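Here are some notes to read alongside the model, for anyone opening it for the first time. Keep the viewer open and click along as you go.

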Amino acid sequence: MFYICSMTDLHVVWFKRDLRVHDHAPLLAAMASGAPVLPLYIFEPDFWAQAEHSRRQFDFLMESLQSLDEALKARGSALCLRVGNAAEVFAGLHRRHGLAAIHAHEETGSQWTYDRDRTVQRWALKAGVAFREQPQNGVVRRHNDVEAWKRHWEAFMSLPRAKAPESLPPSDVPPGEWPIAEDFGLPQDRCPGRQPGGRAEGVELLRSFLAARGRRYRTDMASPQAATGACSRLSPHFAFGTVSIREACQGVMRARTDLELDGDSTFAASLDAFLSRLQWHCNDMQKFENQTSLSGRNLLGEPDVQRDVLSDGDPRLEAWINGRTGFPFLDACMRSLNQTGWLNHRARAIVMAFASQHLWMDWRHPAARLAALFTDFEPAIHYPQAQLQSGASGSAIPRIYNPVKQSLDHDRDGTFIRRWVPELATLPTAHIHAPWDAPKAELADAGIVLGQTYPMRIVDHMAAAREARDRIYSGRATTLRSHDAMPEAPRSRRSNPVRKQKPAAPRQLAFDLRLPDMADSGRAPSA
């Protein structure tokens, strides 16, 4: 295919899930060319048509893009917006304006995004346009050595953060119109407690976490109630890239050093736990890098036992997703998720395990429905965890949580339940975890009629757990399946080294915690 274009040597910075101008290597690489720079974001209808994507994610994206556009305008440029298939968008820009290069971060996402990137690469090769990718989050193409990766990750996180440029050479490409959610068929999605998007929000979350909120992180992160304030709440900002994980790591390391000097070992221990979580997060990204198809297939191929494949409208699925199972703690978790777009890690595991084990649902459909509720949906974290909780990832011992025990463990006084399941608020604490066992007189005094004001429990959880365990062990005894997961061959994709450039001075929302360059301090994040 031949392209007739004006050949203006335009360098495109393709923003995807890296919506910031700070610590952004592709942006600096494009600037180093000395040519006009076009910051570009592409809204892809096929991406938003997938079940795992939702209006709440779109709204967070739009707020983050507006923040990015403001930062670019402050530097003399603007965000260019296009709607359509990515390869076709690039082809159109090339015909009209002439592209010399496309700069982007390597993206570890779903199989869909991987296939999309490969299509763009093929187009760029045929069109004679350089396609230059930069690594992020310490993820390495074609890398399966765990110990070597840990060393690489620590070194990557220790590199100086790339400062945002003070100014950008503008292009003459029209910026385009801002689309709306309805353009992509995204229905209304009431989520009043959703975290707002944008760089400023992410920076403030990290500041407040390091200043005070993170003190009880290690002890409170497992509690659905307490974790709301004790966790960093940076996960959607990591998912959309308004704040880089390297910025978070270096901020934590500086804060931890100050805490050690002050003798505050409790807060320092919590920040150690948070650093471990950040490395765990990136390690999961690294594993997913070679196995993007895990969003739709089992890690071990066919499972030992076949679960029920459900579709939207099935009573079990809808009761679970809407918090109407009759198990107060589970219902509180799901209602909280519906209203806020977030759950702590322990609650995510419990609700997914209940769907797969007690309700015996094949993990794929509930996992996709669950993903759409998470503002911070990250494929590399979500899908492997969904498989782990459903027993499809080779775990030798089935994870079948007792929902009543989990309720007592994580919400003993029933505060979380009373907040999200108000119809049970007046029930005594002794019976709020298992209202089906409450005396009729106490239910009557509380104005509760099971099956009317609050659902009857959808299953007998003890009997359902026994049946699930028997099915799993019976299937494994029959198939003699190995529990050791074998990784796929690494993804084949071009990789380009980061070009060393002298960073410009920071402006606007520069993430400046007065942090020394980690390379100068000689200190790297600890695992």
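**Where two helices meet**

1. Start with α15 and α17: Ala349, Met352, Ala353, Ser356 and Gln357 of α15 are in contact with Ala386, Gln389 and Ser390 of α17. Sorted by type, the residues of this contact come out as four nonpolar, four polar and no charged. Bear in mind that this is a predicted model.

2. Now for how that pair is arranged. Two packed helices are described by the angle between their axes and by the distance between those axes. For α15 and α17, the angle is about 55° and the axes lie 8 Å apart. The two helices are therefore oblique to each other. As for handedness, the crossing of α15 past α17 is right-handed.

3. Zoom out a little and you'll find that both helices feed the largest nonpolar core. Its contributors of two or more residues are α13 (315-321), α14 (328-340), α15 (345-358), α16 (364-373), α17 (379-390) and α19 (415-420). This core has 46 residues, and the ones touching the most other members are Trp320, Met334 and Leu370.

4. Met334 is a good one to click on. Which residues does Met334 touch, not counting those up to four places away in sequence? You should find Trp320, Ile321, Gly323, Val351, Leu370 and Leu373. Two of these, Trp320 and Leu370, were named with Met334 in the previous point.

5. There is also a second, separate core, with 32 residues. Among them are Leu205, Cys249, Phe274 and Cys282.

6. Cys249 turns up again where α6 meets α11: Trp153, Phe156, Met157 and Ser158 on the α6 side touch Ile245, Arg246, Cys249 and Gln250 on the α11 side. By type, that contact has five nonpolar residues, two polar and one charged.

7. How are α6 and α11 set against each other? Helix α6 covers residues 146-158 and helix α11 residues 245-262; they pack at an angle of about 80°, with 9 Å between their axes. That makes α6 roughly perpendicular to α11.

8. Last stop: Leu19, in the loop between β1 (10-15) and α1 (25-32). Is Leu19 buried or exposed? Its relative accessibility is 1%, so Leu19 counts as buried.

9. So what surrounds Leu19? Setting aside neighbours within four places in sequence, Leu19 is in contact with Tyr41, Leu61, Ser64, Leu65, Leu68, Phe240, Gly241 and Thr242. Take Ser64 as an example: 45 residues along the chain separate Leu19 from Ser64, yet their C-alpha atoms are 6.7 Å apart.

Definitions and conventions. Residues numbered from 1 in each chain as written. Predicted model: local features only at pLDDT ≥ 70, side-chain atom pairs only at ≥ 80, totals over all residues. Heavy atoms only, no water. Core = buried A, V, L, I, M, F, W, Y, C linked by side-chain atoms within 4.5 Å. Buried < 20%, exposed > 50% of the residue type's maximum accessible area, 1.4 Å probe, protein only. Helix = DSSP H or I, 4+ residues; strand = E, 2+ residues; numbered from the N terminus. Contact = heavy atoms within 4.5 Å. Axes fitted to C-alpha atoms, helices over the stretch in contact; angles between N-to-C directions. Parallel < 35°, antiparallel > 145°, perpendicular 65-115°, else oblique. Left-handed = near helix turned anticlockwise from the far one by under 90°. Nonpolar A, V, L, I, M, F, W, Y, C, P; charged D, E, K, R; others polar.
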